[in-house]
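Please open the model in your viewer and keep the selection tool at hand. The stops below go from a local feature outwards to the contact between chains.

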Amino acid sequence: MSHRLKTGGRLIDRSRDVKFTFNGKHMKGFAGETLAASLLANGQTLLGRSFKYHRPRGIVASGAEEPNALVGLGKGDRYEPNQRVTTTEVFDGLTCETQNHWPSLDFDLLAVNSLVPQFLTAGFYYKTFLRPRAFWKHVYEPVIRKSAGLGKAPSPDARDPDSYEQIYAFCDVLIIGGGIAGLQAALSAAETGARVALWEQTAHWGGRAPVDGVTIDGQDADAWVAATIAKLEAMDNVHLRLRCMGAGVHDHGYVLGYERVSDHAPGTDAPRHRLWRMRAGQIVTATGAIERPLSFAGNDLPGVMLASAVRDYVVNYAVSPGQSVVVVTNNDDAYRTAIALRQAGVGVPAVVDARAEANGPLVAEARAAGITVLTGKGIRKVKGGKKVTGVEICRIDSKGTAFTEVFDCDAVAMSGGWSPVVHLWSHCGGKLVWDDTHHFFRPDASRPPLGADGAGFVRACGSADGEMGAVLMGAHEAGLAAAKATGASGTPPAPATDQVPDMAPMDAVWMMPRNAEYDLRMKMWLDYQNDVKVSDVQLAAREGYQSVEHTKRYTTLGMATDQGKLSNINGLAILSDALGQPIPATGTTTFRPPYTPISIGAIAGGATGPVFQPLRRTPLYDWHAENGADWEPVGQWRRPYTYIRAGEDRHKAVNREVTNARTNIGLLDASTLGKILVSGPDAGRFMDMLYTNMMSTLKPGKCRYGLMCNENGFLMDDGVVARLSDDAFLVHTTSGGADHVHGWMEDWLQCEWWDWKVHTVNLTEQFAQIAVVGPKARQLLERLGGMDVSRDALKFMEWSEGRLGGFDARVFRISFSGELSFEIAVPASQGRAFWDRLLAEGADLGVMPYGTEALHILRAEKGFIMIGDETDGTVIPQDLNLNWAISKKKDDFLGKRGMEREAMVHPDRWKLVGLETLDGSVLPHGALAVTGGKTANKQAETEGRVTSTYYSPTLKRGIAMGLVRHGPNRMGEVLEFAGPNDARIKARIVDPVLYDKEGAKQDV
Amino acid sequence: MKHYSAFAIAREAFRQHTGWGRAWASPEPRKSYDVIIVGAGGHGLATAYYLGHRYGIKNVAIIEKGWLGGGNTGRNTTIIRSNYLQDPSAAIYEKSRSLYETMSQDLNYNVMFSPRGVMMLAQTEHEKRGYLRTERANALQGVETRFISPAEVKKLVPIINLDGPRYPVLGALWQARGGTARHDAVAWGYARACSAMGMHVIEQCAVTGVTSENGMVTGVNTTKGHIGCNKLGIVVAGHSGALADMAGFRLPVESVALQALVSEPIKPCMDVVVMANTVHGYMSQSDKGEMVIGGGADGFNNYTQRGSWHHIEETVRALVETFPMISRLKMLRQWGGIVDMTGDRSPIISKTPLGNCFINCGWGTGGFKATPGSGYAMAELVAKGEPGPLAEAFSMFRFREGRFIDESVAAGVAH
């Protein structure tokens, strides 16, 4: 049974107890350790159930590569599924529960899957569940879904109470990984004067070296690490970050860092996670290596662990995974574990070494310590149900039909060699090369990820570079080269010397025994979490899923939450063997960011809730809010749809507003309208290209309605242009289109007409703009006084500037309602005061604000088009009978060529008309007129559609506009529109202008 | 070809699964074929399948530069729907959706088509009017959709936040018969069926040139030598421009990387597919339990099949707003696929300036859902030399003529 050792534990503080609960059971650990160490210290080896077979599983690893020991952490709004216990620092009050079992961890009924593994082979689900067809949706899939998944989902109503932070940062050299190689690289880079950042994903500097007994200049690695950190901390040009993982390397040296700021100390004011968005000149990956498991039957039982992990638990946390631990290996490194266990007083019945001979210094040391070493042997199978009870040994070259020895033990430490962590090297295109000595892929320094200058921007050092001996000199060189590549010129002192024992070569044993029979292969796990076994990969190869990507996808190898950190190379080796080709010919799957999963909260950062897409408020926003505004999102603005008064519904409120604007005075907050200043000597020429009509001939003081099209000739935006002076125009755009139109202008000016002398400024938010609409509008403005707004002084489609009622005002005499109407722009800061003044002065004239829906109805009654209703990106001005606004004199404008194409001038295009239902009802939105015929694809044939439809309180009936084939030539004809529930609604084609056809009301 | 069934699995279980043969053969190319399809993704394989199945043309090679299904077929977010606005789109996507319904049985390969329902949220009045319009159009196109209320949305998606501070949910366009399928299985199932008909699926064979005589195609040069053909179908998505260049014509297509990501797996919490176009994000939960998330395409043309970052942040923010409970889940993996975008965001199934050379491309961000329908229509074009009614509107020459099929009207988001 796993247990706490009486002495040792370099990272724990025995004086500080930490209390936590596991599946409701109270447990105790020590400060400084991971939850994994605490659980093992409490004798808890069973920690979860696998994905497919619900096999009992325990801790395999000691770090980010852990596939099995995932728990649900925390409660309520702070509950988080799938948390690795190996990377969770234990803290007081931590609560966790195991996952993926029913009804309990110890007794999981779904483990029945495990009894029939011969049926649930790789991809079995592609071959079955085929009939009856309806069963997939209603029976098979629901059952599969329920048994799949891992952690429980958070509650549907969960609201994450924690905060997340994002930060941009820059450095010359970013070093990822704070083991001794990373520390040395950082030091050497920093000593050149380069700005250096160093990230370490765990809570401690130094990595594996202190655990492995590496000495540096004759001292313990710990001493060197402490001294180096002290040096780095004293340097201004160095930024150190613990608990910060390099998550992804993107183009141009853009690196994501995932800092778990307060996961280990919840309840503080700090954000939970911080996402670093680092732009690094050069990157050095010192990300270490991950030990590989060995494939033998029963290698997934709780108690079977990586040898390096066993060593970590013993040395760092004074925890032994068992009383008696058999070590199985194909290399020298695992002997360190045997020695560490023996030194800690834990029984090591044997080291089982697959190699024919084992003679390195570490082997000699183990033998000298009295440990039995069996060579040329492997584990035939692990004995036990929910935990290890022993191992059967066999000759490595056999089929494993019989055992040669049996050992009782309660844990197994395995080592199949190491794999450099090449993820960050590979994210952005760094290539790998196969190393025949160590049997792993390592970075190919001749094919690094390339920057915009065609030079590499990532280097690897230490074991991440495949260096399994001394690393400091290589790290020094990598740090120095990276700094030089960013232009640094200083010369750092020579590095210290790290001493590591010689290691004999490993043997490429991927499966033990080498010729294992099917029954054994069926119990050799490659991917623990996803339950992929050696036999599955072999089956995939046999069935032709031979590309490594096919094998992965067919078997799900490497697709679990550890993304194959333990399983990939072993799986590749089995696949290559099955295909009879060398491993490099098989290749690897693609390494994708992030290195380990990162929280969605950190990706979203602070921009959630009210600050997700910042709300834009007009200067009158507060007034609207206080006066019953029924809000409508328009782009990032909110506009009042209508102002609802006591006893009204939406419909009544809208009708009241429309009627009042037609009889008294309506006020509209038009501040959201885009206002873009276009100025410069070439402004006229630019405006002529931008608009379909001629703008350069517009006289200062005048306004003109204009249309903007895209290159295809489709109508994009419309609005009134005011010429301010010979070289300045004020462009009004739609509310939703302002930013797009401004971007559109800049696109043309910067990319195409870069030599034109034109300057644009988006002034939308600088002005409050208020439309004063209705027969009594002039009366109100005259009361304010200060400007002559009489019919002759300020004609229709003119503007003037002055002091209106003491406000700085620009008054436009334009109308989007058909009524006498002024749009008045005042500086944003004076907007509210001006609005209040209008309301006060006009109280007895019946002044009343109206919202966007009344705006729509007023314009529809008058037959004015609305961008986004009458247009949808497929409509050209001619479709809307706006030919008058298309200049025939201009050689060119945006969209001119587009609208000359065959289909654009075709007589069958649908054109704008008014529509009136025969019964006065309101046509449904988007209703289509049907001919009664069918298309070649058996769809109902249509000949028109409704683009806008409203109830008109002025006409007291439904009104609509629509596009109809040959529409303007079919006045009076009755069409049949298809409504909901197969209803057919008859409507007559009429003139779209339904109110004041002569335009008498707006020109008074 | 061995028939797949529960019984077959049981029988194999007793002989250690040694009886399973290759799902598709791996032959050396012949000197020439009646038809060569370039591109063994879903669309290319479906084209070949229907050439054999509907027109009896079985002397066919499907040539793939990498591993089959390795392009967008194996990278997409697997959404299947047909609630399109324009008639030609609705016709081909609905044909496709209906073919998905029986695909597992037709191919004897479980592609796990899951008609769990797809909804597109309306979060502005304008968007709502747009979906009402689509609903009306769909009713006439034979596509079953319905605009549903916020309460109905909540009932179908308990984890949704209806009252986001920014964009409240005003309803949704709901297609109950839309859903998802297992993307790899679609390619594998077709490859197996094609192979069973005697067609050659040739992987790891890159086309390096297109040969022709007198304006008619004669074959392709490949890394395995010249292979002759009477007819050539180019079905290569993101690399269509490169192939068209070899065939001597230009395409109105741009290629960009589309971004996607998945979370770690969790127990079922969302049964349907939700698309939120105003905030730009969509999400579904795979059978494995991962939340499958997609969003925008990179803002610049490129061929790197890599994940870039800024769109991921935008997409995830949008989805945290829509589904606040995902905040404490974790992103497992992000990736990119190269999508070929046309000017009107609708595909091309077309004759080309080169005789007997046909092209199928431009599916942009939504090609997976079209896989069988696209193959069905393309097979008709290749077999007859003229487009049938499904393909007719999708000529590559429509841009010159101004005959757009603009779906951006209805769906401004990738899907």
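Begin by selecting Ile216(A) together with Asp498(A), which stand opposite each other, the latter in strand 31 of chain A. The model is a predicted one, and this stop shows how it pairs two short runs of chain A: strand 11 (residues 215-216) and strand 31 run antiparallel and are joined by two bridges. Widen the selection to the whole sheet, and three strands appear in the order 12-11-31 (chain A), forming an open sheet with antiparallel pairing. Strand 12 (219-220) and strand 31 (498-499) of chain A each have a single partner strand and stand at the edges, so one side of each is left without a neighbour in the sheet.

**Between the chains**

Next, select strand 34 (residues 598-599) of chain A and strand 16 (residues 330-342) of chain B, which run antiparallel and are joined by two bridges. Within this pairing, Ser599(A) is the residue to pick out, standing opposite Lys330(B) of strand 16 of chain B.

From there, extend the selection to the full contact between the chains, to which chain A brings 128 residues and chain B brings 110 residues. Which three residues supply more than any other three of the area that chain A buries against chain B? They are Tyr126(A), Arg145(A) and Ile600(A), and they supply 8% of that area. Taken as a whole, the area buried between chain A and chain B is about 10,300 Å², with carbon and sulfur atoms giving 54% of it.

For the charged pairs, select Arg129(B) and Asp869(A), which form a salt bridge whose closest N and O atoms are 3.6 Å apart. Across the interface of chain A and chain B there are 12 salt bridges, and 64 residue pairs in polar contact are counted between the two chains, with both residues at pLDDT 80 or more. Now highlight helix 3 (residues 133-147) of chain A, which contributes eight residues, the largest share, to the side of chain A that touches chain B. Coloured by class, that side of chain A shows 55 nonpolar, 39 polar and 34 charged residues.

**Inside chain B**

Hide chain A and colour chain B by its domain assignment, which gives domain 1 (25-82 + 85-108 + 183-252 + 345-401) and domain 2 (118-179 + 255-342). The centres of these two domains of chain B, taken over C-alpha atoms, are separated by 28 Å. Where they meet, 30 residues of domain 1 of chain B are in contact with 31 residues of domain 2 of chain B, and the two domains bury about 2,600 Å² between them, 52% of it on carbon and sulfur atoms. Select Arg75(B), Thr77(B) and Leu85(B) here, since together they supply 25% of the area that domain 1 of chain B buries against domain 2 of chain B, more than any other three residues.

How many salt bridges cross the interface of domain 1 of chain B and domain 2 of chain B? There is one; to see a salt bridge in chain B, select Arg177(B) and Glu101(B), whose closest N and O atoms are 3.2 Å apart. Across this interface of the two domains of chain B, 15 residue pairs are in polar contact, both residues being at pLDDT 80 or more. As a last selection, take strand 3 (79-80), helix 3 (87-101) and helix 11 (398-401) of chain B, each of which supplies at least two residues of the side of domain 1 of chain B that touches domain 2 of chain B. Helix 3 of chain B gives the most to that side, with five residues.

Key: Residues are numbered from 1 along each chain as its sequence is written. Chains are lettered from A and ligands numbered from 1 in the order in which they are written. This is a predicted model: local features need pLDDT of at least 70, side-chain atom pairs count only at pLDDT 80 or more; totals for chains, interfaces and linings use all residues. Side-chain values use heavy atoms; hydrogens and water are left out. Contact means heavy atoms within 4.5 Å. Buried area is the accessible area (1.4 Å probe) that two parts lose on being put together, summed over both. A salt bridge is a side-chain nitrogen of Lys or Arg within 4 Å of a carboxyl oxygen of Asp or Glu. A polar contact is a pair of N or O atoms within 3.5 Å; within protein, one must be able to donate a hydrogen and the other to accept it, and residues adjacent in sequence count only if both atoms are side-chain atoms. Helices (H or I, at least four residues) and strands (E, at least two) are DSSP runs, numbered from the N terminus. Ala, Val, Leu, Ile, Met, Phe, Trp, Tyr, Cys and Pro count as nonpolar, Asp, Glu, Lys and Arg as charged, and the others, Gly among them, as polar. Two strands pair if DSSP finds at least two bridges between them. Domain bounds come from an automatic or database domain assignment.
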